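Colleague: I'd like to learn how to read a structure for its hidden spaces and its cysteines. Could you walk me through it?

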Amino acid sequence: AVLVAVNDTVSEGTPLVRLALEDVDVAAPAREAAPEDDAAPTRKPASSDDVAPTAETVGDEVAATAAPTPASADADHAEVLVLGAGPGGYTAAFRAADLGKHVVLVERDPVLGGVCLNAGCIPSKVLLHLAEVIHETEGLAAAGVSFDAPRLDFAKIHAHVDRVVSRLNQGLAKLADQRGVRVLTGSGRFIGPNRVEVETESGSHALSFDAAIVAVGSRPATLPGMPDDPRVLDSTSALRVDPEARRLLVVGGGIIGLEMAAVYDALGAEVTVVELLPQLMPGTDPDLVRPLARSIARRYAGVHLETRVTGVEATDEGLLVHFEGGKAPDAAVYDRVLVAIGRVPNGDRIDLERAGVQVDERGFVPTDDRLRTNVPHIYAIGDVTGSPMLAHKATHEGAIAAESICGLPSAFDAAIPSVAYTDPEIAWVGLTEAEARERGLAVEKSVFPWVASGRALGIGRTEGSTKLLFDAESGRLRGAGIVGPSAGELIAEATLAIELGANAEDLALTIHPHPTLSETLGFAAQIAAGTITDLYLPKKRADS
Ligand code: FAD
């Protein structure tokens, strides 16, 4: 195949022709997968002026180079090369393979799954489940059921977490294998617009590609001036809960910090949280955060807002931490300090400039709604493209990028739910109140307090609430926020309602099973529709 056309601009590293040996049989199972033409688009179509790439699309290198190649394509060439095998990368690789592409998935770790599976969502949620059960048993004392204090076997806890992660690792490896996705273990970086170099255990390998998807994720942000001491933890090392961490300081009151605080608290540590801003989980509507803030103010040794850590000294007794502002002491000693102040993208570590791809000053890779970078045959997805840094955003983007490369009219146009798996859980989707205010959008808010829910009362969790925000003009649901146990599960209904353009009546007339917490969504919608009977709200009566 001749890979360039008359008048194309080429540079060092641009492949000009591809040669295949006819007697080499490397038929990939992926090629037997459903042909592209049969694959129905599953994402929202791109707008009509942003059509799928065609051979005619000016400057669209994908079209020029991504034509299906014969099954005998050489081993050092990928039709689609995916760099990074986190939730974004493996989804993109699998979707592209299912659409008939020859895919190479490059991952520096020996296992697939990225941060989410190996050092994020999954291990943290396994630990948070233990925390939740411990809390729940404590809460039963008032109902006349008491348990002895839990006996903790940390080696078994870690083995349990490892088993869950390893099962999922194996599942992903099998899924890659079943699709004929070639997994190359090594660290990749760009050496040209159509080439990467991968540093593997057996040496350096150059690979060429027609299209690439950058899915290299993010890493924990570090706090300048921290001592180089194993007692200073990040979100990865903190997942191996250490019984020696009797006094834990969590620096950063965001989702990751508060989730890990919940784990350590349940497993017996005395926890202090310090946050620079005036609110925990900055950016989240304050009414949703309040029940959590109240709960942890009672449980934890300290929650210090508007407080800065100015220095940490390693001493024999522990880590001596100095504070400034807020109501924190000037200094205090902790056994462990967890730095959870956010994550930084890995876009600055893979020589993207050698491929001509723009990276912003923070390391994020800007993309359009089809996840294309400024170089049209190179896509970027997941944490490396920006906030929110969430696994389900990465997977959704991964599928869109793969479909886009394969000529399907997919584009990103979806509401992204967020969940803090704290106790109580906090979840929200779509527009927040703060955002509506900032953007001057007129919304009608309705809030159902869980104190009026039979189910919430039955499980002893009346601190929750369910909030819906409807567009004042169209009446459609624009956003939702829920605080309370299982908020992360409940938010899915609101997410679907937003996707379907539902209004208050649609939700109010949906029969929710009784008694469940899901009813609170129906009740909140009935408040907006003026049909609520489970509360008495004179102003909202249908005939008023
Ligand atoms: P990543 O998962 O970061 O994967 C990137 C992959 O690229 C990694 O495997 C990395 O090794 C690889 N890579 C990087 N550079 C190279 C290179 N040069 N060559 C080859 N490979 C490379 N999100 C949720 O939605 N829900 C949660 O409950 C949740 N909990 C979390 C808890 C914690 C403690 C943390 C830290 C994160 C959590 N997240 C959660 C966030 C979630 O993990 C990320 O949003 C998600 O993993 C991003 O996926 P990704 O595919 O963009 O990148």
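Modeller: Start with cavities: on a 1 Å grid over the protein atoms alone, a cavity is a set of points where a 1.4 Å probe fits but cannot get out, and lining residues have an atom within 4 Å of a point. Grid points are joined across faces, edges and corners, and a volume is the space filled by probe spheres set on the points. This is a predicted model, where local features need pLDDT of at least 70, side-chain atom pairs count only at pLDDT 80 or more, and totals for chains, interfaces and linings use all residues. Residues are numbered from 1 along each chain as its sequence is written, and side-chain values use heavy atoms, leaving out hydrogens and water.

Colleague: How many cavities of 30 Å³ or more does a search of the whole structure find?

Modeller: Just one, with a volume of about 40 Å³. Its lining includes D285, W428 and K467. Two elements give two or more residues each to that lining, β23 (465–471) and β24 (477–483); strands are DSSP runs of E, at least two residues, numbered from the N terminus. β24 gives the largest share, three residues.

Colleague: And the cysteines: which residues does a disulfide join?

Modeller: In general, a disulfide is a covalent bond between the sulfur atoms of two cysteines; here the cut-off is sulfur atoms within 2.5 Å. The search finds one, joining C116 to C121 with S to S at 2.4 Å. The torsion about that S-S bond is about -130°, so the disulfide is left-handed.

Colleague: Is C116 buried or exposed?

Modeller: Buried, at 15% relative accessibility (buried is under 20%, exposed over 50%, partly exposed in between, with a 1.4 Å probe and protein chains only). C121 is partly exposed at 27%.

Note on methods:
On a 1 Å grid over the protein atoms alone, a cavity is a set of points where a 1.4 Å probe fits but cannot get out, and a pocket is an open set with protein on both sides within 12 Å along at least five of seven lines; lining residues have an atom within 4 Å of a point. Helices (H or I, at least four residues) and strands (E, at least two) are DSSP runs, numbered from the N terminus.
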